[in-house]
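Student: Please take a close look at the interior of this protein, with attention to the space left within it and to the residues around that space.

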Amino acid sequence: MDHAADVPDVFDPRIYAEGIPHERYRLLREHHPVAWQPEPEIAGWPAGPGFWAVTRHADVVRVLRDHRTYSSWLGATQIRDPDPADLPFLRRTMLNQDPAAAFGEHGRLRRLVSRAFTPARVDAFAGRVRERARALLAASREGAEDGAADLVRTVTDEYALLNLTDLLGVPAADRALLLEWTVRIIGYQDPEDAPAPVPGPDGKPLNPRSPALLGEMFAYARELAAHKLEHPGDDVMTALAHAGLDPAELEMFFFLLTVAGNDTVRSAAPGGLLALAHAPDAYRRLAAREVPVDGAVEELLRVHPPVLSFRRTAAVDHELAGQRIRAGDKVVVFHASANHDERVFTDPGRLDLGRTPNPHVSFGDGPHVCLGAHFARLQLRTFYEEWCATMPVPEPAGPPRRLVSNFINGITRLPVRVSGPAR
């Protein structure tokens, strides 16, 4: 399929190292709301057949909600096609299943993890989350050089990781493993953030989600579940260990919770603070409690969604926004574009912490809406509250470094001023 010369590229992961490409998204929304994107070979990762980029809010919501037309099961949920040999393995996780699939068990698995991931269990960690935010922020101030610190290294990476491992019930001695696995899986497109690609038998890089590269994580999941059967606690892994899952299901749950549960807050917290640093009037209103913090969290999620894109595969021939989509075509929704759609959000480029309504899609929509959204919101709300209470007005102390990725909207370095009077 031809790629029109005036259709901007939003596939190349290197684009996102410069920031979210809002002008490219705007051009697509205005002129090519469902646009064909080639998939050339980039940085050693093989070329693909191309995909449809969906950028308007209404169309993104339609794709996310209509699981009969737009399947997660057929080709999984990453833009690049998985190795066909890996696809049965990837379909073990509910992220890559369809509620209506005859051979998927999305509903059963989602109910199981929902019972383990209850709001009451999450809320029980609220005090611990607040103590951790306070302690990490204080330590960043005490250890600052020339009044500045890299907030990612000193605060947000640890904050997201330790909160998640508390909830999962991972022993303290093992917690660094989860961050290592997350970086390997999420940052694989970034030459600085991830280890060198592991070549497969054909010489092409192995997908970091391939079972060939996840053996260590899966072995750990089985060992931890066995430990929880003998030594139960009030944590998610204890609940999953007693839920009657088969070993493959347990492994994939641990994979999903470890990676998605960690990287959501790991990406959103520094991104939200950076947005506040560029909007001092909005920060002043938040610090003065002139706007509700819960609404502020939603607006910061809108302008800095943790996830940039998710893929579906067309199950049938159909039409979307005037484009003829064929069964088997890849259809990719772009969350950050939908969150800036002028048809839904007035003045979308402005940070409006009191924005209401705010129907952003940062946690998805439809049957795959993020199960951990409640826990993520709790952590983000607490983080911003503690920053406003104890830290100075956020001010960049150098340029941030963004993750090279067309999937995760990550920030890998964020130098900020941490010395000075609160507010």
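Student: To begin with covalent links, how many disulfides does a search of the whole structure find?

Tutor: The model is a predicted one, and a search of the whole of it finds zero disulfides. Two cysteines nevertheless deserve a comment. Cys388 is classed as buried because its relative accessible area is 10%, under the 20% limit. Cys370 has a relative accessible area of 29% and is therefore partly exposed. Cys370 also leads to the main subject, since this residue is among those nearest the centre of the largest cavity.

The enclosed space comes next. Rolling a probe the size of a water molecule over the atoms shows where empty space is left. In this model there are seven cavities of 30 Å³ or more. The largest cavity holds about 850 Å³ of space. Its lining consists of 48 residues, and Leu95, Leu256, Ala260, Phe310 and Cys370 are the ones nearest the centre. Two or more lining residues come from each of α4 (106-116), α8 (175-186), α11, β5 (309-314) and α15 (373-390). Of these elements, α11 gives the most, with eight residues. Sorted by class, the lining of the largest cavity has 27 nonpolar, 15 polar and six charged residues.

The second largest cavity contains about 80 Å³ of space. It is lined by 13 residues, with Asp263, Arg266, Leu403, Gly410 and Ile411 nearest its centre. Here α7 (151-168), α11 and β10 (411-413) each provide at least two residues of the lining. The largest share again belongs to α11, which contributes three residues. The lining of the second largest cavity divides into five nonpolar, four polar and four charged residues.

An open space may be set beside these enclosed ones. The second largest pocket has a volume of about 360 Å³. Of the 17 residues that line this pocket, His22, Ala275, His278, Val303 and Arg402 lie nearest its centre. Helix α11 (residues 247-277) supplies the largest share of this lining as well, with three residues. Eight of the pocket's lining residues are nonpolar, seven are polar and two are charged.

The packed regions complete the account of the interior. The largest nonpolar core has 109 residues, and Phe254, Leu351, Leu353, Phe383 and Trp387 touch the most other members. To this core α11 gives the most, with 15 residues. A separate second core of 17 residues includes Ala35, Phe51, Ile79 and Leu308. Returning to Trp387, and leaving aside residues up to four places away in sequence, one finds contacts with Leu137, Leu151, Leu273, Tyr283, Pro392, Pro394, Val416, Arg417 and Val418.

Leu109 offers another view of the packing. This residue belongs to helix α4, which is one of the elements lining the largest cavity. Leu109 is classed as buried because its relative accessibility is 2%, under the 20% limit. With residues up to four places away in sequence left out, Leu109 touches Arg92, Met94, Gln97, Leu245, Glu249 and Phe253. For a sense of distance, Leu109 and Ser405 are 296 residues apart along the chain, and their C-alpha atoms are separated by 29 Å.

Some features of the backbone remain. Most residues other than glycine have a negative phi, and most peptide bonds are trans. Ala76 is not a glycine, yet its phi is positive, at about 70 degrees. This residue sits in the loop between β3 (70-71) and α3 (87-90), and its relative accessible area of 6% means that Ala76 is buried. Arg289 likewise has a positive phi, near 60 degrees, and is found in the loop between α12 (280-287) and α13 (293-303). Arg289 counts as exposed because its relative accessibility is 76%, which is over the 50% limit. Lastly, the peptide bond from Thr356 to Pro357 is cis, with omega near -5 degrees. Pro357 is placed in the loop between α14 (335-338) and α15.

One helix connects much of this description. The greatest contribution to the lining of the largest cavity comes from α11, as does the greatest contribution to the largest nonpolar core.

Definitions and conventions:
Residues are numbered from 1 along each chain as its sequence is written. This is a predicted model: local features need pLDDT of at least 70, side-chain atom pairs count only at pLDDT 80 or more; totals for chains, interfaces and linings use all residues. Side-chain values use heavy atoms; hydrogens and water are left out. On a 1 Å grid over the protein atoms alone, a cavity is a set of points where a 1.4 Å probe fits but cannot get out, and a pocket is an open set with protein on both sides within 12 Å along at least five of seven lines; lining residues have an atom within 4 Å of a point. Grid points are joined across faces, edges and corners, and a volume is the space filled by probe spheres set on the points. Helices (H or I, at least four residues) and strands (E, at least two) are DSSP runs, numbered from the N terminus. Ala, Val, Leu, Ile, Met, Phe, Trp, Tyr, Cys and Pro count as nonpolar, Asp, Glu, Lys and Arg as charged, and the others, Gly among them, as polar. A nonpolar core is a set of buried Ala, Val, Leu, Ile, Met, Phe, Trp, Tyr and Cys residues joined through side-chain atoms within 4.5 Å. Buried means under 20% relative accessible area, exposed over 50%, partly exposed in between (1.4 Å probe, protein chains only). Contact means heavy atoms within 4.5 Å. A disulfide is a pair of cysteine sulfur atoms within 2.5 Å.
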